[in-house]
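Colleague: I have some questions about how the terms in your description were reached. Could you show me the structure before we begin?

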Amino acid sequence: MLIRHAPDLTDNDVTDRSLYLRRREFIGGAAGLGLLGAAGQASARGLTYGPGFSTTEKPTPKKDITSYNNFYEFGVNKEDPSENAGSLKTRPWTIRVDGECETPTSFAIDDLIKANKLEERIYRMRCVEGWSMVIPWVGFPLKDLLAQVKPTSKAKFVAFETLMRPSEMPGQRWDTLQWPYREGLRLDEARHPLAILATGLYGETLPNQNGAPIRLVVPWKYGFKGIKSIVKITLTEEEPASTWNLLQPSEYGFYANVNPAVDHPRWSQATERRIGEADGLFGGARIDTLPFNGYADEVASLYDGMDLTKFY
Amino acid sequence: MATLALPALPARYKPASIWALYAIGLMPGLYAFYLGIFGGLGADPVRAFEHLLGLWAFRFLCLGLAVAPLRDLFGINLIAYRRALGLLAFYYVLAHFIVYLTLDRGLILSSIAGDILKRPYIMLGMAGLLMLIPLALTSNQWSIRRLGPRWNRLHKLTYPILLVAILHYALSLKVIDPEAAFYILVTVILLGYRLVRPKIMERRRAKRMAGATR
């Protein structure tokens, strides 16, 4: 299946792929000529933003994004998901959206993909383990889906659940985590335009190891918030349970916003290693981790007045 | 206790077999280094290399500590290889530490200092390395003669080293996976044996004495 690009969305659709992959050079040139506004200017570590919400940092090679995964449903080692996820059947696939909403609905995945405008979003992804990637997702804003079911005034949170199918997800036969995997967002976080449901990667259908057929991407939070292979979304009044928080509440909070100032109890979060930057063993220096993973301008206001060392 | 009859290696081949053990033992690290240089260690080669060195250090530590129970319980005498196993463990720990300092932390001393002071698992790893140094330095005939019974006492440090090594490993993980569970079990068996060993030995001595007086 090909990912359908809405014709009015990005220039990528009409740009030759090789030119597109060299777009940084053009953006860099444009910035030099003063053609881009403040949004295009370098910040803390040379971050520049293209149109929309995409970073112009160099995307991590596809082979790394698709072979270095944390997806414990397929095993705990990084290479396990790419080796074992082939067994997952992603069709037919239904997502149930219910809870505190006026029109609870079950969506067939293909209908959902057809009904929503897909966009490319090149986001940074920071894992709680201290590594990061730049990933060209294809997806649509989560808020668009939520709007379709009309949340009631009681809805304050959104709960997500991954498929439970040990026959195709061998990792679920070992109790590393409490299955099925669960995650949650506050409703205002879920409605933030940066939060997307991704159905594609590098312009193609999302590979199983990356959370096919549909997964959450919230780039200002640690990667484990990005729940994969979603089958259920529930609007709730109370803060929902989340898997890593259930396992070790002192180490994994509900919010899990990327924060270099709040360390994981067992390791520092001040720096990260960008996957794919090093050629072999050498040259992969650590880079500084940014508050909210570099998305502070967009999302910091969601947490005004909150003590982020307490609500980590 | 049954004694397994192993074909004994002629004494003249023993030195060569010990050198072969060093050569074979260093192979996994050297091969991983080669793979790492040419991009064969996956998406995060530094992490993969660092972890591999740590894991081999742990394996050699366990093998070294398995020598005594193998001799006590099964009559397999590998004592001639124990020094090589211990030193291999030390070399791997040293390489693991150097990779941590250079490739992983990029020699940024503030980050390293903060890491060591704040992270229990890094501190445990450091403690293991520090305890290994005197053992490596005294792993020669001269030290054994010179230290006499104190040498044996000093080298009992291998047991706390194994303990901090497994804690260092387990605490660096997000979850205890089957592989880690296996190594925890091995550690429990080796340390557990150490605790019951005096009793087993005593009972055996008593039996032998009873046999001799009959």
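Colleague: Which residue in strand 11 of chain A does A:Trp131 stand opposite?

Modeller: A:Trp131 stands opposite A:Arg273 in strand 11 of chain A. Keep in mind that this is a predicted model.

Colleague: What makes strand 4 and strand 11 of chain A a pair?

Modeller: Strands count as paired if there are at least two bridges between them. Two bridges join strand 4 of chain A to strand 11 (residues 271-274) of chain A, so the requirement is met. These two strands run parallel.

Colleague: How do you know that strand 4 of chain A is enclosed by the rest of the structure?

Modeller: A residue is buried if 20 or more other C-beta atoms lie within 10 Å of its own. In strand 4 (residues 131-141) of chain A, eleven of the eleven residues are buried, so the strand is largely enclosed.

Colleague: Which way do strand 3 and strand 4 of chain A run, parallel or antiparallel, and how many bridges join them?

Modeller: Strand 3 (residues 119-126) of chain A runs antiparallel to strand 4 of chain A, and eight bridges join the two. For example, A:Glu119 has A:Gly139 as its bridge partner. The two strands form a hairpin with four residues between them. In the turn, A:Gly130 has a positive phi of about 100°.

Colleague: How many bridges join strand 4 to strand 7 of chain A?

Modeller: Five bridges join strand 4 of chain A to strand 7 (residues 196-201) of chain A, and the two run antiparallel. A:Pro141 stands opposite A:Ile196 in strand 7 of chain A.

Colleague: There is also an open sheet in chain A. Why are strand 2 and strand 6 of chain A said to stand at the edges?

Modeller: The sheet has five strands in the order 2-1-10-5-6, with mixed pairing. Strand 2 (105-108) and strand 6 (182-186) of chain A each have a single partner strand, so one side of each is left without a neighbour in the sheet. From one strand to the next, the twist averages 15°.

Colleague: Is strand 6 of chain A mostly covered or mostly uncovered?

Modeller: Strand 6 of chain A is mostly covered, as four of its five residues are buried.

Colleague: What are the partners of A:Val158 in strand 10 and in strand 6 of chain A?

Modeller: In strand 10 of chain A, A:Val158 stands opposite A:Leu235. In strand 6 of chain A, the bridge partner of A:Val158 is A:Leu185. Strand 5 (residues 157-162) of chain A pairs with strand 10 (residues 230-236) of chain A over six bridges, in the antiparallel sense. Five bridges join strand 5 of chain A to strand 6 of chain A, and these also run antiparallel.

Colleague: Turning to chain B, why are helix 5 and helix 8 of chain B called roughly antiparallel?

Modeller: The axes of helix 5 (residues 120-137) and helix 8 (residues 158-171) of chain B cross at roughly 155°. Angles over 145 degrees count as roughly antiparallel, so helix 5 and helix 8 of chain B are therefore roughly antiparallel to each other. Their axes come within 8 Å, and the crossing is left-handed.

Colleague: Which residues meet where helix 5 and helix 8 of chain B are in contact?

Modeller: Among those in helix 5 of chain B are B:Leu124, B:Gly128 and B:Leu135, and helix 8 of chain B contributes residues including B:Ile161, B:Val164 and B:His168. By class, this contact has 13 nonpolar, four polar and no charged residues.

Colleague: What angle do helix 2 and helix 3 of chain B make where they pack?

Modeller: Helix 2 (residues 45-74) and helix 3 (residues 82-104) of chain B pack at an angle of about 160°, with their axes 8 Å apart. That makes helix 2 of chain B roughly antiparallel to helix 3 of chain B. The crossing is left-handed. The residues of this contact divide into 18 nonpolar, four polar and three charged.

Colleague: Why is B:Gly106 called partly exposed?

Modeller: A residue is buried with 20 or more other C-beta atoms within 10 Å and exposed with 12 or fewer. B:Gly106 has 15, so B:Gly106 is partly exposed. B:Gly106 lies in the loop between helix 3 and helix 4 (109-118) of chain B, and touches A:Ala285 and A:Arg286.

Colleague: How many residues of chain A are in contact with chain B?

Modeller: In chain A, 23 residues are in contact with 22 residues of chain B. The side of chain A that touches chain B has ten nonpolar, seven polar and six charged residues.

Definitions and conventions. Residues numbered from 1 in each chain as written. Chains lettered and ligands numbered in written order. Predicted model: local features only at pLDDT ≥ 70, side-chain atom pairs only at ≥ 80, totals over all residues. Axes fitted to C-alpha atoms, helices over the stretch in contact; angles between N-to-C directions. Parallel < 35°, antiparallel > 145°, perpendicular 65-115°, else oblique. Left-handed = near helix turned anticlockwise from the far one by under 90°. Contact = placed C-beta atoms within 7 Å. Nonpolar A, V, L, I, M, F, W, Y, C, P; charged D, E, K, R; others polar. Lists of a residue's contacts leave out its neighbours within four places in sequence.
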